[in-house]
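Let's take a walk through this structure together, from the whole chain down to single residues. Keep the 3D view open as you read.

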Number of protein chains: 2
Amino acid sequence: MSFHPPVRTLMGPGPSDVNPRISEALARPTIGHLDPMFIQLMDETKALLQYAFRTKNELTLPVSAPGSAGMEACFVNLIDAGDTVIVCQNGVFGMRMKENVERIGAQAVMVEDAWGTAISIDKVEAAIATHPDAKALAFVHAETSTGVQSNAQTLCQLASENNMLSIVDTVTGLGGINVDVDGWGADAVYSGTQKCLSCVPGISPVTFSPRAQAAIKERKTPVQSWFLDMNLVMGYWGEGTQRSYHHTAPVNAIYALHESLTILKDEGLENSWARHTSNHTALKAGLEAMGLSLIVNEQDRLPQLNAVSIPDGVDEALVRKQLLEDYSLEIGAGLGQLAGKVWRIGLMGYSSRPENVRLCITSLEAALLGQGVELTPGAAITAVNASYAD
Amino acid sequence: MSFHPPVRTLMGPGPSDVNPRISEALARPTIGHLDPMFIQLMDETKALLQYAFRTKNELTLPVSAPGSAGMEACFVNLIDAGDTVIVCQNGVFGMRMKENVERIGAQAVMVEDAWGTAISIDKVEAAIATHPDAKALAFVHAETSTGVQSNAQTLCQLASENNMLSIVDTVTGLGGINVDVDGWGADAVYSGTQKCLSCVPGISPVTFSPRAQAAIKERKTPVQSWFLDMNLVMGYWGEGTQRSYHHTAPVNAIYALHESLTILKDEGLENSWARHTSNHTALKAGLEAMGLSLIVNEQDRLPQLNAVSIPDGVDEALVRKQLLEDYSLEIGAGLGQLAGKVWRIGLMGYSSRPENVRLCITSLEAALLGQGVELTPGAAITAVNASYAD
């Protein structure tokens, strides 16, 4: 029997609501992955990704698998067995980076910060001082598990000053906040489609600097993954009209990505960032009017992902269940050591709209009132409205 | 600017034409990858894949990436550095298996057969005799590069009798010919969605026998790919309602796969195989009436993928270009050592229809006449009609 999904409002950590223009593009007629028209689409998609990443990097393309594979693509192409990698960890995804490093047979030197805080530049400098021969510095720009952003500019600069490659996770960043690959001098950056691009999940934009691309071409050992070997992928996503078959591209997913990037370019990066900030500010006003607080310091907050402390005595899973069942509204649970301690409210891409902020705030208020939390009914939506009126 | 693909008829080696029911399912509203409704969809999809693969294997699921990643998932989970794997090669994909084995640090013992011929059982027996300690026997059931099928039943039996795991590529097989995972006693089998399932490209159904699953659980070293580690993927695609987050599933692609498998089940496996055979027979009649021949012996032919010899003096690329430009019809080029020597005409899934056979035969006739090939105009379509009338 065919499956008909419910219509949700997606305000968790991703996927976000898919723009109807993107769903429509996704369903367009499939063409061959070596069709001349598809080659043209690939070229356009590369150019649009270069715009989104703010880079001139030639090796900029979507990996044909989710963000986790984008992460793995960066590590397996740049790191070899025996290498040392400095890995910053302040949430779930830094831990996953460590897994990637170790499965290559390389050594991960961990720089740990509390979950919900930004990466400490001092600690990274200390790690570089004690491991000056490290091959790379890897960190998460936008931590999806905590809602914190770290200073990618400074971290990439530290890496390049010390002759290390920088590997940057901005799965949740791209399109929602400034991702400035060339400005940062970042070497390998990966993202996801299902966050601030509001595209369907399943593929992962990546970009490699000329320095990283050279490192890949000059490898002495083969990349341990055939599927993710950029030396081979380059032959398919490369320049010119002659493309050598590597794997079958997810044709329809590329239609969707192309459409999502077209929407982003039409809006303009700066306008998209401003929209994410504006909706975040309104959400925060509503949350604070209910006595709720965000776990991240104001200056390090991701506007697109809000980790909210669960008030004492509240059954957080019941609240999420009620929002899903009563309002068809998804918000996210905490992950890892924040499980049970926070909700994660996403305002990403097409989900980042005033009507969603209003829906979230009013339904959350109803759920909290239902659990006997003391708050002034209506104060939250009043604060939201005031924020938008500013 | 939005991209609007041309409407093609896809009769290459894949992707095949996507059934409109599947495109429509693909565009349904995205829900969260941990939504209770998505968990239900995952369970239904597993059950449908078990039907398609003819297996009771619990570890049956779609890998969130194309068939090449499905291949890699089988190898990296079952093979360790230092292992020996007997790899049969009679086309492009056996060569890719060798790449996979070697990138794990294992040794590939190659059993080579001419491209376009089935795997020689005698040669495999000889390789097993000289390498009795091999961990696995890997082979391609349905070679997409040549259109040949090999005897999976006998090969899997040889593997299990000799205490080896069997790893089977049936990317092009599933849904088009008999794939009988439990009947064969196969241990690890992977396929693709964009061939006889007529779904969009991008994900790869896999299934592991209880013996293979035990081997994965008992590994002493971590799987070299975090993304493809079935020990972790099992936690997400496993039993019960509690699913642990691993990566974000390609939600909409799973809608499409579910729909494609529902269509297959509604038609029935045997009916689908019979349809593929019937259209193949008609195509073959038309080709032969034009003096063209298939490169594979009759008993080893894949009905869904027909490798046709290029007649002397014909500019094969020009023919493909004309079919694409004049009829919006895609047929495939030769791959690897068959490049320039064959066309590959796919009749897979929704593409396997009498109207497509007629379109292909009549447009191919026009293109060949245009290049001065001597043939009797109209003879080919007459032969096609006669085949269907039988």
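Two strands count as paired when DSSP finds at least two bridges between them. With that in hand, look at strand E4 of chain A, where A:Glu112 is the bridge partner of A:Gln89. This is a predicted model, and that pair is a good place to start reading it. A:Gln89 belongs to strand E3 (residues 84-89) of chain A, and E3(A) is joined to E4(A) by 6 bridges, with the two strands running parallel.

Now widen the view to the sheet around them. In chain A, 7 strands make an open sheet with mixed pairing, and their order is E2-E10-E9-E8-E5-E3-E4. At the edges are strand E2 (59-63) and strand E4 (107-112) of chain A, each pairing on one side only. From one strand to the next, the twist averages 15°. Helix H4 (residues 92-103) of chain A lies across E3, E4, strand E5 (136-140) and strand E8 (165-169) of that chain, and its direction is at about 165° to E3(A).

Step back once more to see chain A as a whole. It contains 14 helices and 13 strands. The radius of gyration of chain A is 21 Å, close to the 21 Å given by the globule rule for 390 residues, so chain A is as compact as a globular protein of that length. Its C-alpha trace spans about 65 × 55 × 40 Å along the principal axes, and 58% of its 390 residues count as buried. If we take the contacts in chain A between residues at least 6 apart in sequence, 72% of them join residues at least 24 apart.

The domain assignment divides chain A into domain 1 (20-266) and domain 2 (269-389). The centres of these two domains of chain A, taken over C-alpha atoms, are separated by 29 Å. Where they meet, 21 residues of domain 1 of chain A are in contact with 22 residues of domain 2 of chain A. The side of domain 1 that touches domain 2 in chain A has 9 nonpolar, 11 polar and 1 charged residues.

What does chain A offer to chain B? In this model, 62 residues of chain A are in contact with 62 residues of chain B. The elements of chain A that give two or more residues to this side are helix H1 (20-26), helix H2 (36-53), helix H3 (67-78), H4 and helix H10 (251-267). H10(A) supplies the largest share of that side, 7 residues. By class, the residues on the side of chain A that touches chain B divide into 30 nonpolar, 21 polar and 11 charged.

Crossing over to chain B, let's visit strand E10 (residues 204-208). All 5 of the 5 residues of E10(B) are buried, so this strand is largely enclosed by the rest of the structure. In a regular strand, side chains alternate between the two faces of the sheet. Here B:Ser204, B:Val206 and B:Phe208 point one way from E10(B), while B:Pro205 and B:Thr207 point the other way. Strand E2 (residues 59-63) of chain B runs antiparallel to E10(B) and is joined to it by 5 bridges, with B:Pro62 opposite B:Pro205. Strand E9 (residues 188-190) of chain B also pairs with E10(B) in the antiparallel sense, over 3 bridges, and B:Tyr190 stands opposite B:Val206.

Chain B also has an open sheet of 4 strands with mixed pairing, in the order E1-E12-E13-E11. Strand E1 (9-11) and strand E11 (305-309) of chain B are at its edges with a single partner strand each, so one side of each has no neighbour in the sheet. On average, neighbouring strands of this sheet are turned by 30° against each other, direction ignored. E1(B) runs parallel to strand E12 (residues 329-333) of chain B, and 3 bridges join them; B:Met11 has B:Ile331 as its bridge partner in E12(B).

Finally, a few backbone details. The peptide bond from A:Gly14 to A:Pro15 is cis, with omega near 5°, and A:Pro15 is in the loop between strand E1 (9-11) and H1 of chain A. In chain B, a cis peptide bond joins B:Gly14 and B:Pro15. B:Ser198 is a residue other than glycine with a positive phi, near 55°, and is found in the loop between E9 and E10 of chain B. Is B:Ser198 buried or exposed? With 28 other C-beta atoms within 10 Å, B:Ser198 is buried.

Note on methods. Residues numbered from 1 in each chain as written. Chains lettered and ligands numbered in written order. Predicted model: local features only at pLDDT ≥ 70, side-chain atom pairs only at ≥ 80, totals over all residues. Domains from an automatic or database assignment. Contact = placed C-beta atoms within 7 Å. Nonpolar A, V, L, I, M, F, W, Y, C, P; charged D, E, K, R; others polar. Axes fitted to C-alpha atoms, helices over the stretch in contact; angles between N-to-C directions. Rg over C-alpha atoms; globule rule 2.2 N^0.38 Å. Buried ≥ 20, exposed ≤ 12 C-beta atoms within 10 Å, placed from the backbone.
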